[in-house]
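The following report walks through a protein chain, from the pairing of its charged side chains to its nonpolar interior and its surface. Please keep the sequence and the structure at hand while reading.

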Amino acid sequence: MAEEPTLTLNLTNLPKTKTETEKKPKKKTKGIPLDWAASHGPITGALSATTGAAAIALTGAATGMPEWLPLAVSGAGILGHGIGHSIHRRLTALTAATRAASWLLAGGWTTWAIAHGPLTWAAAGTLAGIGVGIGAMASNAAVHEEAAELERVSEEARQAAAHLQAKLRPIAEEWTARINRVTHIDVKIFAVELWANGCGYSIAAELPGGTTTWRTIENASRALASDARLPRGCTVHVEEGDIQGRVVLDITTVNVLGQTKNYPEDFTALSILTGIPWGMLPNGNEAVVFLREACALILGPPGSGKSTFLDAVIAGFARCDDVLTFVVDLKGGAIGLPWVRPYLESLGYVQTIGGAPRPPQGTRPGVDWLASTPAEALRMFTALLAINVARQQGYQQLMLENNTTLLPISAQIPQIEVIVDEGAELLSLKAGASPEMKELRQKVTDVMRLTRAMGIRLVLTAVDGNVSALGSTEVRKFAPVGAALTSGETSGNNLGKLFPRAKIDTSQLNQKGAGAIGQAGADGFAPSPFKGWKTSPNMARAGTLATSDRRPTLDTISAQAAGADYAERWSEERAGWMWGNTPTPQVHIDAETTTDDKTNTPARHAGSLNLSYNRKAQGDPDALAEQFMKQIDERFGTTTEPGPGNPRPNGLNLSYKRQQQPADDTVDRRLTFVRRLVAEAGPTGLDTQSLWPALQDEFGEDWNRSVVTTWLGKDVTAGRMVRGAKKGVYIDANAQTDAEAPKKLSDDDTDLILMAADLIVTTQFGSSSMLQRKLRVGYTKAQELMAILEQHHIVGPAKGALDRDVLITPGAYKEDALRQALGE
């Protein structure tokens, strides 16, 4: 039988022993100090006794001291130091006897030496023997005294444990019965520890043999909390114990996460190497994350407190003396501006608010680089990749000296933490509409993948954790640190997407800034509920000023590699928008955006009309009018995706006049679209019954069936297409003839399949044309994706021109199960 664990309840709270407590200073006494316990060890004590006796003997012989006087002094020593002081200190009898014998031997030898002369070989030899004897007796007494002291401490510990057991044993018995009642598992609780903040306690238990694991208890955590009648907001958090077969339960009795606490105001120094606090855990401890080698992913829907949480993240980095913070926010730089304002105030670019004093000259911005446009973000990530290469080359000797492949981070060579607000969406497919955004997306991915060893890491945020929002599963792979803010969720489950196996009751985490946090890896911790601190612009100002003089500067090797992109980041041309000298940047995610190459200022937002032609001093009026009409068509000429809630296309359509006659075959975008669909259909050809809905989805009402039929006929006559055996089917003339070998999806398409499944399940709209538009794939690829999803019972069979049925609801969809089924 396995040995049962010993019951040791809360022994971490025992009173400190005498060796652990600080010694109190002794009070000064008036008059002669009668200290019979001089600090001597076995050797120094013996030397002190023998040298003292020899000195007195020599003095006595020379001065005619009475022979009986040394014996009288030794008698007083025996009574005072040997017996009296030993009793006062509660020393052992052996120690008292040793002290008395030492006094007696020293006094007796001194009396004999005065009588017979101290300067003889007999006197010297006997004194040496007495010294050795006293040392041996003292050493033996010290060992015996130490053993007796340990026995007294152990007895005190046993008494304290017995007292605590009397207090905590009812808790152990109560939870033993509760776990058995809820899970039908008979556990043996062997430890109970009360939390120092009084907000709960932890219990550790031994599981029975057989198939029972700690996850059985974890799955019943909500039922256990209900059975315990815990206050709302209090939970039972379950983890595996120190060895397999044990389980630890953290029971919250006070709703710490329901409280609102401001960010700590002391702004004490931190280091990226020792962890950075991001919030509070249920037991009142800080949730500390380690980001030297890890990227982080933060999920938070609107209203969840994500912006406030990011302020705390920036504050943590600002407190580090070995971290520089770069920020990318393509929504006007909003999250970084409060951390830059004190710097602008110190230069006189903007006025202080509320009568606050002007920051001193030399105040540095709280973030080292702020990018609010794709152009500036491109400069930043280009510089980061250059820094990565330069550090690899320039610090080879340093890494060899430290016997490491990781760059030694310090105040002289700081870590670079890049916060990209909604950066995960930046990596998604929909963000790649413009070449500029596509290039930026690639550089962000490269930095995430390539720069870990050289001390460059990312903190990405996203509204949703779906693969379609993140772009691929690569983001999760490179982000072992995760935080899912849950208070603003109205649909979906970001906790399940970020921590698929975590059993956390998010319905209890309904406060802003509340959610779950966890970190994989050796430095990590299991997903746990947490609550972020409350922050404000005033906190950002205070943090910037408090840390301005200790934040590091970029090392020379890195600064030279980054070049002008880094050196001129605060120039008026590039940063003037912060103090009103250039137009304020607009939102750029999900829209095609460009910059003016001459002025390097942000161009219009793609969701608005450009009326700048009114401000042009010169230009061809007809050309300007044509350009303006083209902008109107581009802005309003297309329709929203048809489906539930959008039964009819909407938006202005000013192109009806162009439908009166066929358009120019060589340039019309609708003809290009039709030809591409036919080519992608391959040797099986494209049926017009599938073509008409695709045109409807792509162009709304801005097409004409008879015009398209005319185009198809012309292409057949010109030899570009051939008619299929079935009426209405058209085949590209260059298509492969081997119709028995359909195109297969490659292994790299796994993420695409997951995105397609996520889109269809989320929208409950089984349309292949929607996949073409949203995922930017061709007709054939969309059909292949649908076939795969049909095989995995996500959608039903094809129904001609009608949309497929969606066979699974958002709540029942399990991304991990599909990934496993795909063989990833």
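A salt bridge is taken here as a side-chain nitrogen of Lys or Arg within 4 Å of a carboxyl oxygen of Asp or Glu. The model under discussion is a predicted one, and by this criterion a search of the whole structure finds 22 salt bridges.

**Charged pairs**

One of these salt bridges brings together the side chains of Arg 541 and Glu 345, at 2.3 Å from N to O. This pair connects distant parts of the chain, since Arg 541 belongs to helix H16 and Glu 345 to helix H8, 196 residues apart. Arg 541 is buried, and Glu 345 is buried as well.

A salt bridge within a single helix is found between Arg 819 and Glu 815, whose closest N and O atoms are 2.7 Å apart. Arg 819 lies in helix H27, which covers residues 815-821, and because the two residues are 4 residues apart in H27, about one helical turn separates Arg 819 from Glu 815. An α-helix has 3.6 residues a turn, so residues three or four places apart point the same way. Arg 819 and Glu 815 are both buried; for Arg 819 the relative accessible area is 14%, under the 20% limit, which is why this arginine is counted as buried.

In the salt bridge between Lys 331 and Asp 329, with 3.2 Å from N to O, the partners fall into separate accessibility classes: Lys 331 counts as partly exposed at 33% relative accessibility, whereas Asp 329 is buried with a relative accessible area of 0%. The three pairs described are set out below.

| Salt bridge | N to O distance |
|---|---|
| Arg 541 and Glu 345 | 2.3 Å |
| Arg 819 and Glu 815 | 2.7 Å |
| Lys 331 and Asp 329 | 3.2 Å |

Beyond such pairs, Glu 174, Arg 178, Arg 181 and Asp 227 are joined into one network by salt bridges that share partners.

**The chain as a whole**

The protein chain contains 27 helices and 17 strands, and 46% of its 824 residues count as buried. Among the contacts with a separation of 6 or more, 69% are between residues 24 or more positions apart. The chain exposes about 42,100 Å², of which carbon and sulfur atoms supply 54%.

**Nonpolar cores**

Which residues of the largest nonpolar core touch the most other members? They are Trp 278, Phe 317, Ile 419 and Met 578, in a core of 54 residues. Several elements each supply at least two residues of this core, including strand S5 (276-280), strand S8 (323-328), helix H8 (337-347) and helix H16 (537-547). Helix H7 gives the most to the core, with 8 residues.

Leaving out residues up to four places away in sequence, Phe 317 touches Ile 272, Ile 276, Leu 291, Val 323, Thr 325, Glu 417, Ile 419 and Val 459. A second core, separate from that one, has 43 residues, among them Val 328, Leu 460, Leu 509 and Ala 514.

**A loop glycine and an enclosed helix**

Gly 305 is placed in the loop between S7 and H7, and with a relative accessible area of 18% it is buried. Although 207 residues separate Gly 305 from Lys 512 in sequence, their C-alpha atoms are 5.2 Å apart in space. Apart from neighbours within four places in sequence, Gly 305 is in contact with Leu 485 and Gly 513.

Helix H25 (residues 768-775) is largely enclosed by the rest of the structure, because 6 of its 8 residues are buried. These buried residues are Ser 768, Ser 769, Met 770, Leu 771, Gln 772 and Leu 775, and what covers them includes helices H21 (669-681), H22 (688-699), H24 (750-763) and H26 (779-791). After H25 comes Arg 776, which has a positive phi, near 55 degrees.

**A nonpolar patch on the surface**

Trp 68, Leu 69 and Val 73 form a nonpolar patch on the surface, and together they have about 310 Å² of accessible area. Is Trp 68 buried or exposed? Its relative accessibility is 58%, over the 50% limit, and therefore Trp 68 counts as exposed. This tryptophan is found in the loop between helix H1 (42-63) and helix H2 (69-88).

Methods:
Residues numbered from 1 in each chain as written. Predicted model: local features only at pLDDT ≥ 70, side-chain atom pairs only at ≥ 80, totals over all residues. Heavy atoms only, no water. Patch = residues over 30% accessible without salt bridge, like charges linked within 9 Å, V, L, I, M, F, W, Y side chains within 5 Å. Areas by Shrake-Rupley, 256 points an atom, 1.4 Å probe, with all protein chains shown as cover. Buried < 20%, exposed > 50% of the residue type's maximum accessible area, 1.4 Å probe, protein only. Core = buried A, V, L, I, M, F, W, Y, C linked by side-chain atoms within 4.5 Å. Contact = heavy atoms within 4.5 Å.
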